[in-house]
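Student: I would like to learn how to read a helix pair and a sheet in a model of this kind. Could we work through one of each, step by step?

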Amino acid sequence: MARPSHSFPTSPSIPSGGDRVIEQAPIDALVAELYEHPGFKHSIAHKHVTPAVEARYGEWPATIPEKLIAAMHARGLARPYLHQQQAIDLALQGRNPVIITPTASGKSLCYNVPVVESIIKNPEARAIYLFPTKALSHDQYGELYELTKACDSDIKVFTYDGDTPPATRRALKDAGHIIVSNPDMMHAGILPHHTSWVRLFENLKYVVIDELHQYRGVFGSHMANVLRRLRRICAFYGSKPTFICSSATIKNAKELAESLIGEPVHLVDESGAPRGARTFLFFNPPVINSELNVRRSVRLEMRRLAMRFLARNHQVIVFGRSRLDVEVMTTYLKRGMARIHRDPALIAGYRSGYLPTERREIEQGLKKKEILGVVSTNALELGIDIGSLDVAILAGWPGTIASAWQQSGRAGRKAGGSLTIYIAGSSPLDQFLVNHPEYFFGNSPEEAIINPENLSILSSHLKCAAFELPFEDSETFGPTSPAPILQYLEDERVLRHSGTRWHYSSDAYPSEDISLRSAAGENFIVLDSGNNNKVIAEVDFDSAPFLIHDDAVYIHNAKTYLVEKLDWDRRTAFVRHRVLDYYTDSESSSTVQVMNIDEERHLPENSLLEAIRFGPVSVTTIVAKFKKVKFESQESIGYGPVSVPPLEVQTEAMWFSLRDNRRKDHAHHDFAPSLQGVANLLRHTVPLHVLCDKSDFGVYAMVRAPFDQRPTIYIWDRYPGGIGIARKLYAITDRILSSAARIAEECSCAAGCPACIGPQLDRGREAKQGARTLLRLLQA
């Protein structure tokens, strides 16, 4: 077909790279087009429109200095929104506010105003801002710097992270009024060296903790202990700071904040900010194999949808569920742009593992509209300012309601209309949500779980705390006495008890070996053998066996690299750029060994369930093979072996033990595939009830478990010592079994599919009915 001779108008801020560009259309018109298009209209399962909301205003507190109010007026902020006034009032009263309002509602003003107010009135006052990532720290630094500059006050604002030059580090310790940092630097760079930060700790007035919802699981458990150490040092220097926290909407924000900071907090959760109309579409890809109930790939549907918007010059953000998702989808969109004669450089990937300079270039490119489309993991969920995007596409369920709203909020951040499209995958969780939108729109977001008393995490931070200041015999650390662990550390010759104090006596520097982000060892680096061994990425310890084993295809910014060698001991992977038409996906298996039973509930004799138990377990995971998958067709084209050491972890688990003598009730079904089908359903229903990702826990079914020779399903935390997921599930077993049964009953397939127990070819024709029977009996 000949190309049209005319050209279309383009947005002046986005280079076209060609002339086949269609003028931007309003969001409503784009949605109408999808409903009229024969290739899309039957896949739209639900449309939800959140109407625009007008602003509700409060007043500036009377104590705010005139120069600060004048600076606000100059920035177009004549009056604060109602939630901003409430938060500022609480902060000025020292009452630890926690602000839980939507994305782009002006949460940063809630902490910037009281902090700047206190320094204008008392130039000796100090504040610490903690953000979960360096990128967010740098982004927020710019806004804070502009505000202090507009106040015409000599307020010194500094970022303090791994990129801070040595000369600046020396200056900011005395001169810095506001230190913008992250938990990792607080843990390893500030608290152990508190004697160099005397002026900061003696005058610390405020501690700001942004993106509170990110502090869950192992990261949140570490963070609670870091803040215990911070409060302990503040008390030593005679200060008692007020904490100001902000968060996306989660169910237990107040409880989480109080667990983190160890003090009562006051919730501010009614937003006064205006909001543009938001259209949310639930999109269910068409079934391409009715017998197996297999749907078209989420990645391919993402490409079809995203390219419609990109071709019309709408700025699009796509969220993938994994680093592999991001790289594959980035590749698809770059190829798609080339096909319409647009510059592939208008598309970028964004994820952890990219170098900091790469990520900042992408952030600026989005903000300046030099990048038209970005494919990201949840790394761009956070409040980094990337401008006002038009469309957000969620390629698969992001894991939690809280994350879904955060990702949706990246479109239309400046109160304009926006469109979010959630593309459901074939998993049980995705299919449940796309068929029950009321769960998403009608339910509160999930609860965040932390376990600061995790023995491994707590003992690590007690070592750090003792290095910073000796422990008194009567001293507490959190809700309990640390004496038993201190005694253990003395036995290990880490501490020494003298008089009424515990002193640090080891030669090691304790915080150096503790990662707040994971429970595993150090990261692996990826070197490009074809480019003088240039470092192109980092991969965390737990992901290394899956992503950078020998012969793996490592994808970085849509370029494919073949892993030539993984040097496990040196934590280094050597790769070489190759143009490949496939990617690799690794497969693993796990074994579980029960170490003890801490709690158990026995069921009546007539129940299929013999007992539900909770306790410590040892889990060994082996990555044994990988498969090669074609980019375009998703066809599997072969397998290869993986040779890496097993991953071992001692953690917490809950498990269902079934009565072996009741298996006669199930005799007409093949028991093992049915049990595995139930495990598959549980794997996908847990995130409906607990704020976690599927990578945070494991599920494993055994027809005859070594522990008691009974059929058993284990669910365990993937982090050493456990972070509270299994313990929470032990308390809500009825709810997770009910959710699993509901998905199995409502799935329309005949004998098993990816949307319920797993593909029929993997389970057998009788497995689905068997899983349904099992779930009914388990709830009886």
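**Reading a helix pair and a sheet**

Tutor: Helix H4 (residues 107-121) and helix H5 (residues 134-150) have axes that come within 11 Å and cross at roughly 45°; please keep in mind that this is a predicted model.

Student: Why are H4 and H5 called oblique to each other?

Tutor: Angles under 35 degrees count as roughly parallel and 65 to 115 as roughly perpendicular, and the axes of H4 and H5 cross at roughly 45°, so the two helices are oblique to each other. The crossing of H4 and H5 is, moreover, right-handed.

Student: Which residues of H4 and H5 meet?

Tutor: From H4 come Ser108, Tyr111, Asn112 and Val116, and they meet Gln140, Glu143, Leu144, Leu147 and Thr148 of H5. Sorted by character, the residues of this contact comprise four nonpolar, four polar and one charged.

Student: And how should I read a sheet?

Tutor: In general, the strands of a sheet pair through backbone hydrogen bonds, and they do so either parallel or antiparallel. Here, an open sheet of five strands follows the order S21-S20-S24-S23-S22, and its pairing is mixed. Strand S21 (534-539) and strand S22 (553-556) are the edge strands, each of which pairs on one side only. On average, and with direction ignored, neighbouring strands of this sheet are turned by 35° against each other.

Student: How many bridges join S20 to S21?

Tutor: Strand S20 (residues 524-528) is joined to S21 by five bridges, and these two strands run antiparallel. As a point to locate in the view, phenylalanine 524 stands opposite valine 539 in S21.

Note on methods: Residues numbered from 1 in each chain as written. Predicted model: local features only at pLDDT ≥ 70, side-chain atom pairs only at ≥ 80, totals over all residues. Heavy atoms only, no water. Axes fitted to C-alpha atoms, helices over the stretch in contact; angles between N-to-C directions. Helix = DSSP H or I, 4+ residues; strand = E, 2+ residues; numbered from the N terminus. Parallel < 35°, antiparallel > 145°, perpendicular 65-115°, else oblique. Left-handed = near helix turned anticlockwise from the far one by under 90°. Contact = heavy atoms within 4.5 Å. Nonpolar A, V, L, I, M, F, W, Y, C, P; charged D, E, K, R; others polar. Pairing = 2+ DSSP bridges.
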